[in-house]
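The following exercises guide a reader through one protein structure. Each task is followed by a solution in steps.

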Amino acid sequence: MPIDAAKALAADPRLGDIGWDHKDIQLYHLGLGAGRPATDPDELRYTLESKLHVLPSFATVAGAGMAMMGGLAAPGIDINLAHVLHGGQSIELHRPIPVKGRATSTARVAALYDKGKAAVVVLRTEVADADGPLWTSDAQIFVRGEGGFGGERGPSVREELPERAPDRVEERHIRKDQALLYRLSGDWNPLHADPEFAKTAGFDQPILHGLCSYGMTLKAVVDTALGGDVSRVRAYRTRFAGIVFPGETLRIRMWREPGRVLVSVTAVERDDAPVLADTVVEHA
């Protein structure tokens, strides 16, 4: 069988050393659309090294960008990467991410779920520096055609949105060249840059990275609902519900609840087609 759950779950974790500095953070923020307007004091917190703070979603690219995907080469997992979809992403922050850092990354397969016609692989990355834990990141990877190995079906996590109107609605335009800039932070998948490759995947044009939408959404929540204070974010999770194209606009609806913000993200130009669902930002 392509997936041997017992072998994958029992495999030794993969250890690696990662590092970053202000240039990596500034590039990541620019890839999310930060710096508009360029001289806005609120935007300079994302773009100017003397004022820099770190958006917590930087954890998804710190060090080696898509290094977490190396977990798909773990013992017991032998799959066709063309059948892989990034189904969801969560981050738990143990403390604010420093502007410059060296850390150790520990990656392992944390769970394997059998959905019948597909499998879900949960790749967990724990990152710590000399001062202790920094963050824990889970990537939920959906693998078509690899179910049926006899594993547990796994949880179904859904966040019911309030029936009332959102407390805030923000729109964030995606530049035509934004995917080209975002991919410099580590995701080199040609699906996000090469029109011919995108056509072979069934799209008329390259699509935006799901993790770019993920970061753009967190930035909107921090800037509007959390007073611009990145240190208030404790955890952030989402399910990737659909695609968005460069040149389109994200509509980000927010509902405030004690200790968290519930979020729904859709594509404006395609009649509010879903982009991110079951999205929660937990905060202090």
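**Exercise 1.** Is S264 buried or exposed?

*Solution.* The model is a predicted one. Begin by placing the residue: S264 belongs to strand β9. Next, consider its relative accessible area, which is 14%. A residue counts as buried under 20%, so S264 is buried. Finally, identify its surroundings. Apart from neighbours within four places in sequence, S264 is in contact with L161, R251, I252, R253, W255 and L276.

**Exercise 2.** Determine the location and the surroundings of F240.

*Solution.* First, F240 is part of strand β7, which covers residues 233-240. Second, its relative accessibility is 16%; because the limit for a buried residue is 20%, F240 counts as buried. Third, examine the contacts beyond four places in sequence: among them are H86, G87, G88 and Q89, and the list also includes G210, L211, Y214, V275 and L276. Fourth, take one of these partners, G87. F240 and G87 are 153 residues apart along the chain, yet 5.4 Å separates their C-alpha atoms.

**Exercise 3.** Which residues of helix α2 are buried, and against which elements do they pack?

*Solution.* Helix α2 spans residues 22-31. Within this helix, the buried residues are I25, Q26, Y28, H29 and G31. The packing partners of the buried residues of α2 are strand β1 (14-20) and the helices α3 (41-47), α4 (178-182) and α6 (210-225). After α2 comes G33, which has a positive phi, near 95°.

A further step concerns H53, which lies in the loop between α3 and β2 (84-93). With a relative accessible area of 15%, H53 is buried. Two residues of α2, I25 and H29, are among its contacts. Other contacts of H53 outside four places in sequence are R45, Y46, G228 and V230.

**Exercise 4.** Describe the setting of E269.

*Solution.* Start with the position: E269 sits in the loop that links β9 (260-267) and β10 (273-283). Then turn to accessibility. The relative accessible area of E269 is 43%, and partly exposed residues fall between 20% and 50%; E269 is therefore partly exposed. The contacts come next: beyond four places in sequence, E269 touches G247, E248 and T249. With T249 there is a polar contact between side chains, at 2.8 Å. As a last step, compare sequence and space for F245, which is 24 residues from E269 along the chain; the C-alpha atoms of this pair are 9.9 Å apart.

**Exercise 5.** Why does the radius of gyration of the protein chain agree with that of a compact globule?

*Solution.* For 284 residues, a compact globule would have a radius of gyration near 19 Å. The value for the protein chain is 18 Å, which therefore agrees with the expected one. Several further quantities complete the description:

- The secondary structure consists of 6 helices and 10 strands.
- Along the principal axes, the C-alpha atoms fill a box of roughly 55 × 50 × 40 Å.
- Of the 284 residues, 50% count as buried.
- Among contacts with a separation of 6 or more, 71% come from residues 24 or more positions apart.
- The exposed area is about 13200 Å², of which carbon and sulfur atoms supply 52%.
- There are 33 positive and 38 negative side chains, and 1 Å lies between the centres of the two sets.

Methods:
Residues are numbered from 1 along each chain as its sequence is written. This is a predicted model: local features need pLDDT of at least 70, side-chain atom pairs count only at pLDDT 80 or more; totals for chains, interfaces and linings use all residues. Side-chain values use heavy atoms; hydrogens and water are left out. Helices (H or I, at least four residues) and strands (E, at least two) are DSSP runs, numbered from the N terminus. The radius of gyration is taken over C-alpha atoms; the globule rule is 2.2 Å times the number of residues to the power 0.38. Buried means under 20% relative accessible area, exposed over 50%, partly exposed in between (1.4 Å probe, protein chains only). Contact means heavy atoms within 4.5 Å. Accessible areas come from the Shrake-Rupley method with a 1.4 Å probe; for residues, only the protein chains shown count as cover. Lys and Arg count as positive and Asp and Glu as negative; His and the chain ends are not counted. The place of a charge is taken as NZ of Lys, CZ of Arg, CG of Asp or CD of Glu. A polar contact is a pair of N or O atoms within 3.5 Å; within protein, one must be able to donate a hydrogen and the other to accept it, and residues adjacent in sequence count only if both atoms are side-chain atoms.
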